Amino acid sequence: MADKIQKGVLKPDEADYPSFNFLPNEPDLSSLIDLPKEYVSVSRGRDEVAVETKGKAISVLFFTNSGLFGHFSGFVYDPNNRKPSSGDFGLKFEEIKKLQRNWYYISY
């Protein structure tokens, strides 16, 4: 699925998601991609993923838990193997852990 995002097949629908946040430490709504039915299971607790564009590369955040008061966890795929930083996706991170090449675990 990340390759479809990189190629622009799946992309944020900025008309449905204006660029602002309703709650603290929620992803920037303009970065969200609604997942087609066949991919809904890749992002638990949400039917969307968040994207962060860095140059020509697009990082993808797959949520694993979406808790209360802005707490969440997930996996970030970065095609250039760049470690995510707090502020990416419009979110603050408390933990960033490299799992393997191109994949990171994040939480807050």
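**Exercise 1.** Classify Phe75 in this predicted model as buried, partly exposed or exposed, then describe its ring partner.

Solution.
Step 1. Phe75 has a relative accessibility of 29%. Buried would require under 20% and exposed over 50%, so Phe75 counts as partly exposed.
Step 2. The ring of Phe75 pairs with that of Tyr105, with 5.8 Å centre to centre and 65° between the planes. An angle over 60 degrees counts as edge-to-face, and the pair of Phe75 and Tyr105 is therefore edge-to-face.
Step 3. Phe75 belongs to strand β4 and Tyr105 to strand β7, so this pair ties together parts that are 30 residues apart in sequence.
Step 4. Tyr105 is partly exposed, at a relative accessible area of 22%.

**Exercise 2.** State how many aromatic pairs the structure holds, and work out the geometry of the pair Phe72 and Tyr108.

Solution.
Step 1. Five aromatic pairs are present in the structure.
Step 2. For Phe72 and Tyr108, the ring centres are 6.4 Å apart and the planes meet at 25°, so this pair is stacked.
Step 3. Phe72 is in strand β4 (residues 72-77), while Tyr108 is in the segment after β7; the pair therefore ties together parts that are 36 residues apart in sequence.
Step 4. Phe72 is buried, with 6% relative accessible area, whereas Tyr108 is partly exposed at 24%.
Step 5. Ring pairs also link Phe62, Tyr77 and Trp103 into a cluster.

**Exercise 3.** Find the salt bridge, and say which strands it links.

Solution.
Step 1. Side chains of opposite charge can pair when their charged atoms come close.
Step 2. The count of salt bridges comes to one. Its partners are Lys54 and Asp88, whose closest N and O atoms are 2.9 Å apart. The cut-off is 4 Å, so the pair qualifies.
Step 3. Lys54 sits in strand β2 (residues 48-54) and Asp88 in strand β5; the two residues are 34 residues apart, and the pair links distant parts of the chain.
Step 4. Both Lys54 and Asp88 are buried.

**Exercise 4.** Examine the backbone angle phi at Phe89 and at Asn102, and locate each residue.

Solution.
Step 1. Most residues other than glycine have a negative phi.
Step 2. Phe89 has a positive phi, near 65°. This residue lies in strand β5 (residues 86-89) and, at 1% relative accessibility, counts as buried.
Step 3. Asn102 is not a glycine either, yet its phi is positive at about 75°. Asn102 is placed in the loop between β6 (95-100) and β7 (103-107). With 10% relative accessibility, Asn102 counts as buried.

**Exercise 5.** Describe the surroundings of Glu95, and then place Lys11 relative to Val51.

Solution.
Step 1. Glu95 is part of strand β6 and is partly exposed, having a relative accessible area of 35%.
Step 2. Leaving aside residues up to four places away in sequence, Glu95 touches Tyr105, Ile106 and Ser107.
Step 3. One of these, Ile106, is eleven residues from Glu95 in sequence, and their C-alpha atoms are 5.4 Å apart in space.
Step 4. Lys11 is in the loop between α1 (2-6) and β1 (32-34). At 60% relative accessibility, Lys11 counts as exposed.
Step 5. Lys11 and Val51 are 40 residues apart along the chain, and 8.6 Å separates their C-alpha atoms.

Methods: Residues are numbered from 1 along each chain as its sequence is written. This is a predicted model: local features need pLDDT of at least 70, side-chain atom pairs count only at pLDDT 80 or more; totals for chains, interfaces and linings use all residues. Side-chain values use heavy atoms; hydrogens and water are left out. Helices (H or I, at least four residues) and strands (E, at least two) are DSSP runs, numbered from the N terminus. Buried means under 20% relative accessible area, exposed over 50%, partly exposed in between (1.4 Å probe, protein chains only). A salt bridge is a side-chain nitrogen of Lys or Arg within 4 Å of a carboxyl oxygen of Asp or Glu. Contact means heavy atoms within 4.5 Å. Rings of Phe, Tyr and Trp (its six-membered ring) pair if their centres lie within 6.5 Å; planes under 30 degrees apart count as stacked, over 60 as edge-to-face and the rest as tilted.
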